[in-house]
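Student: I should like to learn how to read the local features of a protein model. Could we begin with contacts between charged side chains?

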Amino acid sequence: MVWDINGNMTQKLLNKTLRVYMLFSVAVLLVTAPLFYIITQRIQLEEADEALMLRQHEFEKFNLPVLKSSDVSQWNLWHRDIRIENADRSVSGTKFTYEDFPNIMDGDMEPFRVLRLPIRIEKKPYMFFARVNLLDTEDTLYALVLLYTSIILLLLIGLYIITKRYSRKLWRPFHQLLEQLEEFEIARPMDMLYPTTHIEEFMRMNSVVENLLTRNLASYASQREFIENAAHELQTPLAVMRAKLDNLIQLPLSGKEADALETLNHSLDRLANLNRNLLLLSKIENHAFLEKQSISVNEIMTRQLNSLSEQLAFYGVSVDLIKNENNAVQAHDNLLEICLSNLLVNAIRHNTKPGTISISIGNNSVVIANTGPSQSLDKDRLFHRFSKTDPSSPGTGLGLAIVKRITELYHWDIQYSFRDGQHFFLLNFK
């Protein structure tokens, strides 16, 4: 049993179609069983009536003309299913009835179809009697139920085995392609192996997936190249602007001019940070940080807290740090520093004045909790690029996006939660 993200139970396509086939088969058999019984009874009745009419015609043609009243008793002794009875005025013509007669072997009552017809022998009134044995209704129903139960079981077992085995083989190309798509990452493309198949729908699926991946990879490569080139090209004009702006700030200026230059300087800082972050993302996606080494999370965290001490003092934020000695991870030291630094900067900027930050370093995890807004952040957009909960924030909106990209690179896990008035970020290195 599998459940989706909304808590609804999911079903496999094969099981669902198999269930529909079985339900349809059972419904058809249950509907046709009574029809089969009714038709069988009707055919049996028609055959019995034809047999009785034939006996009547044979008696009238061959026996009745030569039969005498004195022969009636002898006739009845020699004939079991055809007899001559005393006249019954209630019967004026041919009459068919159902009657039960005892079986001379076991004494059980058995059903018969009976024909009675008024006749005259030597001008004396008599009653012609003929009967034909019918199938016992209980025996018929029992045989019918047994037959249909056997058919249902054989049909369902055969349908289950054939569908399971044949459909599993038939759908194998679909599952093989699906498994590859589950592992596919556009930032780290791999060679797709499209299963060989002669099924038209699967061939079309392979073609559509191949074209889709080709277009998306080309589009992604083009976007990545554009961002990388743009970030590189912006470095030179940013450096020139920074130098010119520093020269202007050194000149004697009026209050309005100084304010204008301060605004320009602040905007230039944000642009430089944005450019630096875009370059960093581009390098991460181009796998520029392949080297790994064992790094102490305690040392990196302590170093980052020291470098951010001025910001902590400016925002009035106090830090409570709990260390664990067994906390080395395999990663590139620059990326781990950037990851922890971005989480700390995020906790500082979105804190209250005064506020607190609690840091707990475990064996394979880091938990950073901070006071801040009294409601949970939007989890769906929290780690998206250029997503900012506060538009007036001085950040670029790339800090948490970079954290997310680093965790994806090393197959770590980053989670956010809000409880007891605090915002928690859990970085799991496993």
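Tutor: A salt bridge is counted when a side-chain nitrogen of Lys or Arg lies within 4 Å of a carboxyl oxygen of Asp or Glu. In this predicted model, the side chains of glutamate 99 and arginine 116 form such a pair, with an N to O distance of 2.4 Å. The pair links distant parts of the chain, since glutamate 99 belongs to strand S4 (residues 95–102) and arginine 116 to strand S5, 17 residues apart.

Student: With which other residue does glutamate 85 or arginine 116 form a salt bridge?

Tutor: Those two pair with each other: the closest N and O atoms of glutamate 85 and arginine 116 are 3.7 Å apart. This pair also links distant parts of the chain, with glutamate 85 in strand S3 (residues 82–86) and arginine 116 in strand S5 (residues 109–121), 31 residues apart. Glutamate 85 has a further salt bridge to arginine 83, at 3.1 Å from N to O. Arg83, Glu85, Glu99 and Arg116 are thus linked in a network of salt bridges. A search of the whole structure finds 8 salt bridges.

Student: Are the members of this network buried or exposed?

Tutor: The cut-off for buried is a relative accessible area under 20%. Arginine 116, at 18%, is therefore buried. Arginine 83 is partly exposed at 23%, as are glutamate 99 at 23% and glutamate 85 at 22%.

Student: How should backbone geometry be read?

Tutor: Most residues other than glycine have a negative phi, and most peptide bonds are trans. Departures from these patterns deserve a look. Glutamate 122 has a positive phi, near 50°, and lysine 123 has one near 65°. Glutamate 122 lies in the loop between S5 and strand S6 (124–133), and lysine 123 is placed in that loop between S5 and S6 as well. Glutamate 122 is partly exposed at 47% relative accessibility, whereas lysine 123 is exposed at 75%.

Student: Which peptide bond is cis?

Tutor: The bond from lysine 353 to proline 354 is cis, with omega near -10°. Proline 354 is found in the loop between helix H9 (333–349) and strand S10 (355–361).

Student: What can be read from a helix such as H10?

Tutor: One may consider its span, its burial and its end. Helix H10 (residues 399–410) has 12 residues and reaches 17 Å from its first C-alpha to its last, close to the 16 Å expected at 1.5 Å a residue. Of the 12 residues of H10, 9 are buried, so the helix is largely enclosed by the rest of the structure. Among the buried residues are Leu400, Ile402, Arg405 and Tyr410. Histidine 411 follows H10 and has a positive phi, near 60°.

Student: Which residues make a nonpolar surface patch?

Tutor: Val31, Leu35, Ile39 and Ile43 make a nonpolar patch of about 370 Å² on the surface. Leucine 35 lies in helix H1 (residues 13–63) and is partly exposed, with a relative accessible area of 46%.

Student: What is the pLDDT of the protein on average?

Tutor: The average pLDDT is 82, and 88% of the residues score at least 70. Over residues 1–7 the pLDDT is below 50, and this stretch has 8 contacts in the model beyond near neighbours in sequence.

Note on methods:
Residues are numbered from 1 along each chain as its sequence is written. This is a predicted model: local features need pLDDT of at least 70, side-chain atom pairs count only at pLDDT 80 or more; totals for chains, interfaces and linings use all residues. Side-chain values use heavy atoms; hydrogens and water are left out. Helices (H or I, at least four residues) and strands (E, at least two) are DSSP runs, numbered from the N terminus. The expected span of a helix is 1.5 Å times one less than its number of residues. Buried means under 20% relative accessible area, exposed over 50%, partly exposed in between (1.4 Å probe, protein chains only). Patches are made of residues with over 30% relative accessible area and no salt bridge: like charges are joined within 9 Å, nonpolar side chains (Val, Leu, Ile, Met, Phe, Trp, Tyr) within 5 Å. Accessible areas come from the Shrake-Rupley method with a 1.4 Å probe; for residues, only the protein chains shown count as cover. pLDDT is the predictor's confidence in each residue, from 0 to 100. Contact means heavy atoms within 4.5 Å.
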